[in-house]
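These are my notebook entries on a two-chain model, kept in the order in which I looked things up.

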Amino acid sequence: MRLLALRPGHGEVLIAEGDVADAEQEQALTAAFRAQLELGMWAAVPLSEPDGRRAAELVKSFDQVPRDADRVIFFPRAAGG
Amino acid sequence: MGALAQAEAYDAEREARAEERARELLRTCVNAEDWATYETHGLIRVYPQANRRPTERPRDTAPTHAYLIYPHKPIVAYVIESGRLLGEYCVAFGSPRLPASDDVLAKWLALTGDERGLLASARVHPVGRQIDPRRVRRDLERLARWQEKPGR
């Protein structure tokens, strides 16, 4: 699983990468996930279905991330523009 | 930071690379139809039924409205059947601005992941405050014609 963050001027940046089946790597992913949320970022998991439909799921803790997700995307919290 | 320092900090090549990366990430998140729409028209259309999780059953009723996502512009809601424009939802994702395609991706992630939450955080205005309603109507007409084209 890869944790990616959208950054002004850079596009996405790789925050962390690891295998959730490995306890040590899962801990590192969890810590990196929490750090992004503490920075005020939102987290989303892009999802797809066999019928081609795509959507995202917003998650507020690492426990909510599907175990088979290949990436989580962090982006700045929305504010009224 | 002063205006001169800001101007010096701007790196056109870096921004171009960032946009290139952002486009590639967006392409891998949306479906082929949405990507083709973005490449051709510079916008993405989102229907509210995309707001359910893929594990949930599809809604029984067809959506009555949809949204147009433009880079660095408000999200526009409209009635599908009549094309009537409902409003502009102004949202910003941090400052300085994300690359254009990352801005579109952030809107798409938030809109399909939590439609109500995103719209609640937006400032709502009648269409015309930031986007010319004539442009939106033209875009809707172009989208309709484009969708009818055989073999596109």
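Entry 1. I began with B:Leu118, which I found in helix 5 (residues 115-121) of chain B; the model I am reading is a predicted one. I then asked whether B:Leu118 is buried or exposed. I counted 23 other C-beta atoms within 10 Å, and because the cut-off for a buried residue is 20 or more, B:Leu118 is buried.

Entry 2. I listed the contacts of B:Leu118, leaving aside its neighbours within four places in sequence, and noted B:Val91, B:Ala110 and B:Leu111, together with A:Ala78 from chain A. I also looked up the C-alpha atoms of B:Leu118 and B:Lys107, which are 11 residues apart along the chain and separated by 8.4 Å.

Entry 3. Since A:Ala78 had come up, I turned to the contact between the chains, to which chain B gives 33 residues and chain A gives 25 residues. On the side of chain B that touches chain A, helix 2 (12-29), strand 4 (85-93), helix 4 and helix 5 each give two or more residues, and helix 2 gives the most, with seven. I sorted the residues of that side into 20 nonpolar, eight charged and five polar.

Entry 4. I checked the strands next and found that strand 6 (residues 78-80) of chain A pairs with strand 4 of chain B in the antiparallel sense, over three bridges. A:Gly80 has B:Val91 as its bridge partner there.

Entry 5. Last, I looked up the largest nonpolar core, which has 55 residues, with A:Phe74, B:Ile69 and B:Trp108 having the most contacts inside it. Helix 4 (residues 100-113) of chain B gives the most to this core, with seven residues. For B:Trp108 I noted, among the residues it touches, B:Cys29, B:Ile44 and B:Ile69, not counting residues up to four places away in sequence.

How values were computed:
Residues numbered from 1 in each chain as written. Chains lettered and ligands numbered in written order. Predicted model: local features only at pLDDT ≥ 70, side-chain atom pairs only at ≥ 80, totals over all residues. Core = buried A, V, L, I, M, F, W, Y, C linked by C-beta atoms within 7 Å. Buried ≥ 20, exposed ≤ 12 C-beta atoms within 10 Å, placed from the backbone. Helix = DSSP H or I, 4+ residues; strand = E, 2+ residues; numbered from the N terminus. Contact = placed C-beta atoms within 7 Å. Nonpolar A, V, L, I, M, F, W, Y, C, P; charged D, E, K, R; others polar. Pairing = 2+ DSSP bridges.
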